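Visitor: Please give me a close look at the interior of this model, working from the chain as a whole to the places where burial can be followed residue by residue.

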Amino acid sequence: MTTTLTPPEAATRAARPAAAATEHFDVLIVGAGISGIGGAYHLTQQCPGTRFVVLESQETFGGTWTTHRYPGIRSDSDLFTFGYRFKPWMGAPIATAAEIRSYMAEVIDENRLASHIRYRHQIASASWSSAERRWTVEAVRGDTGETVRFTTGFLWMCQGYYRHAGGYTPDWPGMDRFQGKIIHPQSWPQDLDYAGKRVVVIGSGATAATLVPAIADDCAHVTMLQRSPTFFATGRNANALADTLRELDIDKTWIHEIVRRKILFDQATISRRSFSEPEVLKQELLSGVRAYLGPDFDIEKHFTPRYRPWRQRIAFIPDGDLFKAVRAGKASIETDEIECFNETGLLLKSGKQLDADIIVTATGFHLNVLGDIAFSVDGKPLDFASTVAYRGTMFTGVPNMAWVFGYFRASWTLRADLIADFVCRLLKHMKAKGVSTVTPALRPQDQDMKRSPWVDPENFNPGYLMRGLHLLPQQGDTIPWLHSQDYWTEKDELPVADLDDGALQFK
Ligand SMILES: Cc1cc2nc3c(=O)[nH]c(=O)nc-3n(C[C@H](O)[C@H](O)[C@H](O)COP(=O)(O)OP(=O)(O)OC[C@H]3O[C@@H](n4cnc5c(N)ncnc54)[C@H](O)[C@@H]3O)c2cc1C
C-alpha cells in the first residue's frame, strides 16, 4: 500500500539543494503541473533509465491548482478525462483544486517521482548549442536567489500557457479613485474578509461562475457583472455510469476507461451538434438554466450568448449552484459595460451605479509563451512567432524541444498523455537511430503552404488567446503542420505519426 503525501509534505521531501556545478540530464521537464508530473510518469514507464529532472518555480507541484486559491476553485472538466489515462479517478466528476492536488500527490508518491523534482527553480534562460548538441538552462532559486545551471539533451516544456505570477486586469478609467479593494482571483489574499461585504465580480467565465456561489452565503450581496453572457451546462456532480459500475464492484481501472470513453463519446456528440443543430443545442442549454431560475428570469439578456455553443468552453455548473444563489437573492447578474470606476464602485454604461466594498476582476490571464524564458539557438534569440509548429508540439528550427499544449474544449490532460507518448516514442527512435538532435524543418513541398495562427480565432477565441496570438507559433494547412485541437483525430494519428517523413531532421 502506498502512503499519500499531502502537497506540503511532498514539496518538503522533494526540495534539495542544487549543486553549484552544472548538472546534466537527458531530459529536463519545465513545470510540475498536471502536464509535467504526467511527463515524468511516462518517462519512467516508457523510457526507463532516462536521467531527468523537473524544474518548478513554485514551492510545490500542482501548477494551476496551486496558483489559484480563490474560494470554490474547482475544475470545470470532469476528472475522468482531466485525470490521467493511467490513474483511475475515484471521486465525483467535478473536483476541487485540493482534490486534484491530492490525486497528483498520489501519482508522485506511487511512482517515486519526488526525488526528480526541484522546486523554487524559476528558469530564466535556455540556450541551444549545435556544437555541444544540448541546451544550457539557467534557473534562479527562489530560496537563495542563486543562479544554477543545468544542461540537457531534451527540453520538455510543461509550463502551461499563462503567467502564474499574476492575472490580467484591464485598465479602466477611475480605478485609482475606488476606495474599496480590487482583487484578481489569481492572487486571492487568503485573509481577505468578504463577510458582510458588497462584492462585484467582473467576468462571466468559469472563474466568476465558481466564485460567485462560493462566497454568496457570506457576502452581504454578490453581483456578477458581465459584458456578455456565457453558455453554461448544468447537472448533478455525479456520473451515473461510474456509480453503477462501482455498485457492481467492477475493477477501478476498467471503470476509469469505460467512463472516459462514454464521456468522450458524449462530448463528441455535443461538439457535432454545435455545428449541425446549434439552435437546438442552444435551447437545451438555456432550458437547463431556466429550470433553476424560473420563467420570469430574463434568460435572454443574462444567459444567452451571441456566439454559437462551443466557440468558447462551456462551463459546467455542478448542481446549478450559481443559479441557486441567484434564485435565493444572494447573488445577481448584471449584463452591462463599465463606464468607469468611482469612489464607491462602478458606473455602468447604462447609467446604473453598482456600489461595492470589493471588486473582483475575473478577467483572465496573461498568455505567456513558453514560460517567459529567454530562448536562444546558437546565440540568436528565438522568436516563436516566426516558427511553424510540428503537430502542435515542436517548432521549426528549434532542436530537441516539445511543448505540451492541451485541448481547450476537451480536457487538457488528454493531450498531455498523447504528447507524452509521442515524446517517449521520439526519444526511443533517436536512440535506435544513434542520433542526438531532432529539429522540425519545412520540406520543399511545405514551403508554400498556407500558414495560420496557432489556433483558429473563428473557432476558438477567448480574450487571453486573442491578446497574445501574435506571439505564438504558426501552423500550416497539412499534416504534420496542423494544430487541429481535435482529440478524435490526434488520438489515432499521433501514436502512428511517421517520424521519418522528412519533417523531422535528425543528426
Ligand atoms: C482556474 C482554472 C481552471 C481550469 N480548469 C480546467 C479544467 O477544468 N479542464 C481543463 O482541461 N483545463 C482547465 N484549465 C486549464 C489548465 O490550466 C490546464 O488544464 C492544466 O492545469 C494546465 O496544466 P499544465 O501542467 O500544462 O500547466 P500549469 O498548470 O499552468 O502548470 C505549469 C507549471 O509550470 C511552472 N512554470 C511556468 N514557467 C516556469 C519557468 N519559467 N520556470 C519554472 N517553472 C515554470 C508554473 O509555476 C506551473 O507550476 C483551467 C485553468 C485555470 C486557470
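Guide: For this purpose a residue is buried if 20 or more other C-beta atoms lie within 10 Å of its own, exposed if 12 or fewer do, and partly exposed in between, with the C-beta atoms placed from the backbone. By that criterion, buried residues make up 41% of the 507 residues in the protein chain. The model is predicted, which makes confidence a sensible thing to check before the details. The pLDDT averages 93 over the protein chain, and 96% of the residues score at least 70. Residues 1-19 have a pLDDT below 50, although this stretch has 37 contacts in the model beyond near neighbours in sequence.

The overall build gives the interior its setting. The protein chain has 14 helices and 23 strands, and its radius of gyration is 24 Å, close to the 23 Å that the globule rule gives for 507 residues, so the chain is as compact as a globular protein of that length. Taken along the principal axes, the box that the C-alpha atoms fill is roughly 70 × 55 × 50 Å. Among contacts with a separation of 6 or more, 72% are between residues 24 or more positions apart.

Within this setting, helix α6 (residues 206-216) is mostly covered, with 10 of its 11 residues buried. The buried residues include Ala 206 and Thr 207 at the start of the list, Leu 211, Val 212 and Pro 213 further along, and Ile 215 and Ala 216 at its end. An α-helix has 3.6 residues a turn, so residues three or four places apart point the same way. Strand β9 (residues 221-226) is likewise mostly covered, five of its six residues being buried. Its partner is strand β8 (residues 198-202), with which β9 pairs in the parallel sense over five bridges; in that pairing, Val 200 has Thr 223 of β9 as its bridge partner. In a regular strand the side chains alternate between the two faces of the sheet.

A single buried position can be followed in greater detail in helix α12 (residues 412-433), where Leu 414 lies. Leu 414 has 21 other C-beta atoms within 10 Å and is therefore buried, given that the cut-off for burial is 20 or more. Once its neighbours within four places in sequence are left aside, Leu 414 is in contact with Thr 81, Tyr 407 and Tyr 487. Glu 300, which is 114 residues from Leu 414 along the chain, has its C-alpha atom 34 Å from that of Leu 414.

Three further residues show how the same count sorts positions that are not buried. Ser 102, in helix α5 (residues 97-110), counts as partly exposed because it has 18 C-beta neighbours inside 10 Å. Its C-alpha atom is 9.2 Å from that of Gly 62, with the two positions 40 residues apart in sequence numbering. Asp 319, in the loop between β11 (315-318) and α11 (321-327), has 15 other C-beta atoms within 10 Å and is therefore partly exposed; its phi is positive, about 55°, although it is not a glycine. Asp 378 sits in the loop between β17 (374-377) and β18 (380-381), and with 10 C-beta neighbours inside 10 Å it counts as exposed. Here too phi is positive in a residue other than glycine, with a value near 50°.

The ligand offers another view of how the chain is arranged. It is surrounded by 33 residues, the closest being Gly 31, Gly 33, Gly 63, Gly 160 and Trp 412. By class, the shell divides into 10 nonpolar, 20 polar and three charged residues. Helix α2 (34-46) and strand β4 (121-129) each supply at least two residues of that shell.

Two local backbone features complete the picture. Strands β13 (residues 338-342) and β14 (residues 345-348) pair in the antiparallel sense over four bridges; a hairpin of two residues joins them, and Asn 342 stands opposite Gly 345 in β14. The peptide bond from Ile 479 to Pro 480 is cis, with omega near 10°, and Pro 480 lies in the loop between α13 (463-468) and α14 (487-493).

Technical notes. Residues are numbered from 1 along each chain as its sequence is written. This is a predicted model: local features need pLDDT of at least 70, side-chain atom pairs count only at pLDDT 80 or more; totals for chains, interfaces and linings use all residues. pLDDT is the predictor's confidence in each residue, from 0 to 100. Two residues are in contact if their C-beta atoms, placed from the backbone, lie within 7 Å. A residue is near a molecule or strand if its C-beta atom, placed from the backbone, lies within 6 Å of it. Ala, Val, Leu, Ile, Met, Phe, Trp, Tyr, Cys and Pro count as nonpolar, Asp, Glu, Lys and Arg as charged, and the others, Gly among them, as polar. The radius of gyration is taken over C-alpha atoms; the globule rule is 2.2 Å times the number of residues to the power 0.38. Two strands pair if DSSP finds at least two bridges between them.
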